[in-house]
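Work through the exercises below with the model open. Each task is followed by its solution in steps.

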Amino acid sequence: MVMSVNTNVGAMIALQNLNATNAQLATTQSRINTGKSVANAKDNGAIWAIAQGQRAEIGALNAVKQSLDRGVAAVDVALAAGETVSDLLLQMKEKALAATDASLTTSARSALNEDFKALRDQIASVTTNAEFNGINLLETGATGFQALANAQGTSTLTVGAEVMALGSTTVSVATTQSIETLTKATASLTAVSNSIDAVSGALARLGTKSTALSTHITFVRTLSDALESGVGNLVDADLAKESAKLQALQTKQQLGVQALGIANQTPQLVLSLFRS
(Lines give C-alpha, C1' and ligand atoms only; values in the text may rest on other atoms or scores of the structure.)
Protein backbone atom coordinates (compact mmCIF):
# COMPACT_ATOMS: atom_id res chain seq x y z
CA MET A 1 0.00 0.00 0.00
CA VAL A 2 1.37 3.40 -1.03
CA MET A 3 1.64 5.89 1.85
CA SER A 4 1.45 9.59 0.97
CA VAL A 5 1.01 12.85 2.87
CA ASN A 6 -0.57 14.40 -0.26
CA THR A 7 -3.30 11.87 -0.95
CA ASN A 8 -5.20 9.95 1.73
CA VAL A 9 -7.38 7.57 -0.26
CA GLY A 10 -8.74 5.87 2.82
CA ALA A 11 -9.88 9.17 4.30
CA MET A 12 -11.54 10.21 1.04
CA ILE A 13 -13.49 6.94 0.84
CA ALA A 14 -14.48 7.21 4.50
CA LEU A 15 -15.61 10.81 3.96
CA GLN A 16 -17.67 9.86 0.89
CA ASN A 17 -19.42 7.12 2.80
CA LEU A 18 -20.02 9.43 5.76
CA ASN A 19 -21.50 12.12 3.48
CA ALA A 20 -23.81 9.53 1.90
CA THR A 21 -24.95 8.39 5.35
CA ASN A 22 -25.53 12.00 6.44
CA ALA A 23 -27.65 12.61 3.31
CA GLN A 24 -29.78 9.53 4.00
CA LEU A 25 -30.09 10.57 7.64
CA ALA A 26 -31.27 14.05 6.62
CA THR A 27 -33.91 12.51 4.32
CA THR A 28 -35.15 10.19 7.06
CA GLN A 29 -35.30 13.01 9.61
CA SER A 30 -37.26 15.13 7.14
CA ARG A 31 -39.78 12.33 6.64
CA ILE A 32 -40.18 11.93 10.39
CA ASN A 33 -40.56 15.69 10.92
CA THR A 34 -43.11 16.19 8.12
CA GLY A 35 -44.76 12.78 8.25
CA LYS A 36 -44.41 12.62 4.48
CA SER A 37 -42.16 10.64 2.21
CA VAL A 38 -42.90 13.15 -0.58
CA ALA A 39 -43.05 16.59 1.00
CA ASN A 40 -42.08 18.61 -2.09
CA ALA A 41 -41.34 18.25 -5.78
CA LYS A 42 -37.65 17.50 -5.11
CA ASP A 43 -38.54 14.31 -3.25
CA ASN A 44 -40.44 12.80 -6.18
CA GLY A 45 -41.69 15.15 -8.88
CA ALA A 46 -44.17 12.75 -10.49
CA ILE A 47 -45.81 11.64 -7.25
CA TRP A 48 -45.89 15.20 -5.91
CA ALA A 49 -47.65 16.39 -9.08
CA ILE A 50 -50.26 13.63 -8.82
CA ALA A 51 -50.84 14.44 -5.15
CA GLN A 52 -51.22 18.14 -5.90
CA GLY A 53 -53.84 17.35 -8.53
CA GLN A 54 -55.80 15.27 -6.05
CA ARG A 55 -55.49 17.99 -3.41
CA ALA A 56 -57.05 20.41 -5.89
CA GLU A 57 -59.90 17.94 -6.40
CA ILE A 58 -60.39 17.67 -2.64
CA GLY A 59 -60.50 21.46 -2.32
CA ALA A 60 -63.11 21.64 -5.08
CA LEU A 61 -65.20 18.97 -3.35
CA ASN A 62 -65.10 21.06 -0.17
CA ALA A 63 -66.68 23.90 -2.14
CA VAL A 64 -69.31 21.46 -3.44
CA LYS A 65 -70.10 20.36 0.12
CA GLN A 66 -70.52 23.96 1.21
CA SER A 67 -72.88 24.65 -1.69
CA LEU A 68 -74.92 21.54 -0.86
CA ASP A 69 -74.98 22.42 2.85
CA ARG A 70 -76.39 25.86 2.01
CA GLY A 71 -78.96 24.21 -0.22
CA VAL A 72 -80.07 21.81 2.49
CA ALA A 73 -80.39 24.68 4.96
CA ALA A 74 -82.48 26.71 2.50
CA VAL A 75 -84.81 23.77 1.84
CA ASP A 76 -85.09 22.96 5.55
CA VAL A 77 -86.12 26.55 6.27
CA ALA A 78 -88.71 26.32 3.50
CA LEU A 79 -89.98 23.02 4.91
CA ALA A 80 -90.32 24.45 8.41
CA ALA A 81 -92.20 27.46 7.08
CA GLY A 82 -94.33 25.30 4.79
CA GLU A 83 -95.34 23.04 7.66
CA THR A 84 -96.36 26.15 9.59
CA VAL A 85 -98.45 27.29 6.63
CA SER A 86 -100.09 23.86 6.53
CA ASP A 87 -100.91 24.06 10.24
CA LEU A 88 -102.37 27.55 9.80
CA LEU A 89 -104.54 26.32 6.94
CA LEU A 90 -105.86 23.50 9.11
CA GLN A 91 -106.90 26.05 11.73
CA MET A 92 -108.44 28.25 9.04
CA LYS A 93 -110.45 25.31 7.74
CA GLU A 94 -111.86 24.78 11.21
CA LYS A 95 -112.91 28.44 11.39
CA ALA A 96 -114.33 28.43 7.86
CA LEU A 97 -116.31 25.26 8.49
CA ALA A 98 -117.71 26.67 11.70
CA ALA A 99 -118.72 29.83 9.82
CA THR A 100 -120.83 27.81 7.36
CA ASP A 101 -123.30 27.21 10.18
CA ALA A 102 -126.33 29.32 9.21
CA SER A 103 -127.49 29.53 12.83
CA LEU A 104 -124.46 31.55 13.97
CA THR A 105 -125.12 34.89 15.60
CA THR A 106 -123.57 38.01 14.14
CA SER A 107 -121.15 38.38 17.04
CA ALA A 108 -120.04 34.75 16.83
CA ARG A 109 -119.47 34.99 13.08
CA SER A 110 -117.52 38.23 13.59
CA ALA A 111 -115.29 36.56 16.18
CA LEU A 112 -114.64 33.63 13.85
CA ASN A 113 -113.88 36.03 11.03
CA GLU A 114 -111.29 37.90 13.10
CA ASP A 115 -109.55 34.64 13.97
CA PHE A 116 -109.66 33.59 10.33
CA LYS A 117 -108.09 36.83 9.12
CA ALA A 118 -105.39 36.69 11.79
CA LEU A 119 -104.44 33.18 10.65
CA ARG A 120 -104.54 34.34 7.03
CA ASP A 121 -102.16 37.21 7.73
CA GLN A 122 -99.77 34.88 9.56
CA ILE A 123 -99.38 32.91 6.33
CA ALA A 124 -98.21 36.07 4.58
CA SER A 125 -95.72 36.75 7.38
CA VAL A 126 -94.36 33.19 7.40
CA THR A 127 -93.79 32.99 3.65
CA THR A 128 -92.12 36.40 3.56
CA ASN A 129 -89.65 35.49 6.30
CA ALA A 130 -88.82 31.94 5.18
CA GLU A 131 -85.36 32.97 3.95
CA PHE A 132 -81.87 31.55 4.32
CA ASN A 133 -78.77 33.12 2.80
CA GLY A 134 -80.92 35.22 0.50
CA ILE A 135 -82.94 32.23 -0.73
CA ASN A 136 -86.69 32.12 -0.17
CA LEU A 137 -88.54 29.29 -1.91
CA LEU A 138 -92.01 30.27 -0.70
CA GLU A 139 -92.45 33.97 -1.41
CA THR A 140 -94.00 35.46 -4.53
CA GLY A 141 -91.49 35.57 -7.38
CA ALA A 142 -89.27 32.81 -5.94
CA THR A 143 -87.21 31.05 -8.61
CA GLY A 144 -85.49 28.25 -6.69
CA PHE A 145 -81.74 27.65 -6.78
CA GLN A 146 -79.02 25.33 -8.07
CA ALA A 147 -76.40 23.67 -5.84
CA LEU A 148 -73.06 22.42 -7.13
CA ALA A 149 -72.93 18.67 -7.63
CA ASN A 150 -69.38 17.94 -8.82
CA ALA A 151 -65.84 19.29 -8.54
CA GLN A 152 -65.78 20.49 -12.15
CA GLY A 153 -68.88 22.68 -11.72
CA THR A 154 -70.52 21.03 -14.73
CA SER A 155 -73.32 19.38 -12.76
CA THR A 156 -75.88 20.89 -10.41
CA LEU A 157 -78.86 19.85 -8.29
CA THR A 158 -81.88 22.07 -8.92
CA VAL A 159 -84.50 22.88 -6.31
CA GLY A 160 -87.58 24.59 -7.65
CA ALA A 161 -89.64 27.20 -5.83
CA GLU A 162 -92.86 26.19 -4.09
CA VAL A 163 -94.63 29.52 -3.72
CA MET A 164 -97.04 29.48 -0.79
CA ALA A 165 -97.86 33.16 -0.63
CA LEU A 166 -101.52 34.15 -0.38
CA GLY A 167 -103.22 34.15 -3.76
CA SER A 168 -100.66 31.80 -5.33
CA THR A 169 -101.40 28.62 -7.24
CA THR A 170 -100.51 26.62 -4.11
CA VAL A 171 -102.33 28.71 -1.52
CA SER A 172 -105.43 29.93 -3.32
CA VAL A 173 -106.64 31.78 -0.22
CA ALA A 174 -106.72 35.45 -1.23
CA THR A 175 -105.14 38.25 0.77
CA THR A 176 -108.67 39.56 1.47
CA GLN A 177 -110.31 36.19 2.07
CA SER A 178 -112.84 36.27 4.89
CA ILE A 179 -115.78 34.38 6.38
CA GLU A 180 -117.90 37.35 7.39
CA THR A 181 -120.93 35.98 5.54
CA LEU A 182 -122.28 32.49 4.91
CA THR A 183 -121.49 32.78 1.20
CA LYS A 184 -117.92 33.92 1.85
CA ALA A 185 -117.47 31.21 4.46
CA THR A 186 -118.48 28.55 1.96
CA ALA A 187 -116.09 29.95 -0.67
CA SER A 188 -113.31 30.24 1.89
CA LEU A 189 -113.80 26.63 2.99
CA THR A 190 -113.28 25.46 -0.59
CA ALA A 191 -110.23 27.67 -1.04
CA VAL A 192 -108.68 26.51 2.21
CA SER A 193 -109.34 22.83 1.50
CA ASN A 194 -107.75 23.11 -1.95
CA SER A 195 -104.79 24.96 -0.44
CA ILE A 196 -104.23 22.24 2.16
CA ASP A 197 -103.96 19.60 -0.56
CA ALA A 198 -101.67 21.76 -2.69
CA VAL A 199 -99.39 22.66 0.23
CA SER A 200 -99.09 18.99 1.19
CA GLY A 201 -97.93 18.19 -2.34
CA ALA A 202 -95.45 21.07 -2.29
CA LEU A 203 -94.04 19.93 1.05
CA ALA A 204 -93.64 16.40 -0.30
CA ARG A 205 -91.61 17.75 -3.23
CA LEU A 206 -89.43 19.86 -0.94
CA GLY A 207 -88.87 16.86 1.32
CA THR A 208 -87.74 14.81 -1.66
CA LYS A 209 -85.30 17.54 -2.71
CA SER A 210 -83.93 17.81 0.81
CA THR A 211 -83.32 14.06 0.88
CA ALA A 212 -81.60 14.20 -2.51
CA LEU A 213 -79.30 16.99 -1.35
CA SER A 214 -78.45 15.15 1.88
CA THR A 215 -77.74 11.94 -0.02
CA HIS A 216 -75.42 13.77 -2.40
CA ILE A 217 -73.61 15.42 0.52
CA THR A 218 -72.93 11.94 1.93
CA PHE A 219 -71.57 10.82 -1.45
CA VAL A 220 -69.33 13.88 -1.81
CA ARG A 221 -67.95 13.43 1.71
CA THR A 222 -67.21 9.77 1.03
CA LEU A 223 -65.51 10.67 -2.25
CA SER A 224 -63.46 13.38 -0.56
CA ASP A 225 -62.38 10.96 2.19
CA ALA A 226 -61.35 8.40 -0.44
CA LEU A 227 -59.26 11.00 -2.27
CA GLU A 228 -57.58 12.10 0.95
CA SER A 229 -56.77 8.48 1.74
CA GLY A 230 -55.33 8.07 -1.75
CA VAL A 231 -53.12 11.13 -1.37
CA GLY A 232 -51.95 9.80 1.99
CA ASN A 233 -51.00 6.50 0.42
CA LEU A 234 -48.91 8.39 -2.14
CA VAL A 235 -47.05 10.84 0.07
CA ASP A 236 -47.30 9.77 3.72
CA ALA A 237 -44.24 8.21 5.33
CA ASP A 238 -44.25 4.89 7.17
CA LEU A 239 -43.13 6.27 10.52
CA ALA A 240 -42.42 2.84 12.04
CA LYS A 241 -40.13 2.02 9.14
CA GLU A 242 -38.48 5.46 9.22
CA SER A 243 -37.92 5.22 12.97
CA ALA A 244 -36.06 1.91 12.55
CA LYS A 245 -34.09 3.35 9.65
CA LEU A 246 -33.17 6.41 11.72
CA GLN A 247 -31.58 4.27 14.42
CA ALA A 248 -29.64 2.26 11.83
CA LEU A 249 -28.36 5.40 10.09
CA GLN A 250 -27.32 7.00 13.37
CA THR A 251 -25.28 3.90 14.16
CA LYS A 252 -23.84 3.94 10.66
CA GLN A 253 -22.98 7.63 11.06
CA GLN A 254 -21.06 6.97 14.27
CA LEU A 255 -19.14 4.15 12.61
CA GLY A 256 -18.38 6.42 9.66
CA VAL A 257 -16.96 9.08 11.93
CA GLN A 258 -14.75 6.49 13.59
CA ALA A 259 -13.64 5.13 10.19
CA LEU A 260 -12.75 8.64 9.06
CA GLY A 261 -10.77 9.20 12.24
CA ILE A 262 -8.83 5.98 11.66
CA ALA A 263 -8.16 6.92 8.02
CA ASN A 264 -6.90 10.34 9.08
CA GLN A 265 -4.27 8.67 11.25
CA THR A 266 -2.58 7.07 8.20
CA PRO A 267 -0.29 10.09 7.48
CA GLN A 268 1.04 9.77 11.00
CA LEU A 269 2.44 6.39 10.02
CA VAL A 270 4.69 8.13 7.46
CA LEU A 271 6.47 9.91 10.30
CA SER A 272 7.37 6.64 11.92
CA LEU A 273 9.44 5.77 8.83
CA PHE A 274 11.76 8.68 9.54
CA ARG A 275 12.28 8.06 13.19
CA SER A 276 15.64 6.68 14.20
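**Exercise 1. Place asparagine 150 and list its partners.**

Step 1. Locate the residue. Asparagine 150 sits in the loop that runs between strand E1 (145-148) and strand E2 (156-159). Keep in mind that this is a predicted model.

Step 2. Check side chain to side chain. Asparagine 150 and threonine 154 are joined by a polar contact of 2.8 Å between their side chains.

Step 3. Check side chain to backbone. A polar atom of the asparagine 150 side chain lies 3.2 Å from the backbone nitrogen of serine 155.

Step 4. Set aside neighbours within four places in sequence. Asparagine 150 is then in contact with Val64 and Ser155.

**Exercise 2. Compare the span of helix H5 with its expected value, then list its buried residues.**

Step 1. Take the length. H5 covers residues 239-264, which makes 26 residues.

Step 2. Compare the spans. From first C-alpha to last, H5 reaches 36 Å. That is close to the 38 Å expected at 1.5 Å a residue.

Step 3. Apply the burial cut-off, under 20% relative accessible area. The buried residues of H5 are Glu242, Leu246, Leu249, Gly256, Leu260 and Ala263.

Step 4. Recall the geometry. An α-helix has 3.6 residues a turn, so residues three or four places apart point the same way.

**Exercise 3. Analyse three salt bridges: which elements do they link, and are the partners buried or exposed?**

Step 1. Start from the count. The structure holds six salt bridges. Three are treated here, beginning with arginine 221 and aspartate 69, whose side chains meet at 3.8 Å, N to O. Arginine 221 belongs to helix H4 (residues 182-235) and aspartate 69 to helix H2 (residues 45-99), so the pair ties together parts 152 residues apart in sequence. Arginine 221 is partly exposed at 42% relative accessibility, and aspartate 69 is partly exposed at 34%.

Step 2. Move to aspartate 115 and lysine 95. Their closest N and O atoms are 3.6 Å apart in a salt bridge. Aspartate 115 lies in helix H3 (residues 106-129) and lysine 95 in helix H2, so parts 20 residues apart in sequence are tied together. Aspartate 115 is partly exposed at 37%. Lysine 95 is partly exposed at 21%.

Step 3. Finish with glutamate 162 and arginine 205. Their side chains form a salt bridge at 2.8 Å, N to O. Glutamate 162 is in the loop between E2 and H4, while arginine 205 is in helix H4, 43 residues apart. Glutamate 162 counts as buried at 12% relative accessibility. Arginine 205 counts as partly exposed at 44%.

How values were computed
Residues numbered from 1 in each chain as written. Predicted model: local features only at pLDDT ≥ 70, side-chain atom pairs only at ≥ 80, totals over all residues. Heavy atoms only, no water. Helix = DSSP H or I, 4+ residues; strand = E, 2+ residues; numbered from the N terminus. Expected span 1.5 Å × (residues − 1). Buried < 20%, exposed > 50% of the residue type's maximum accessible area, 1.4 Å probe, protein only. Polar contact = N/O pair within 3.5 Å; in protein donor to acceptor, adjacent residues only side chain to side chain. Contact = heavy atoms within 4.5 Å. Salt bridge = Lys/Arg side-chain N within 4 Å of Asp/Glu carboxyl O.
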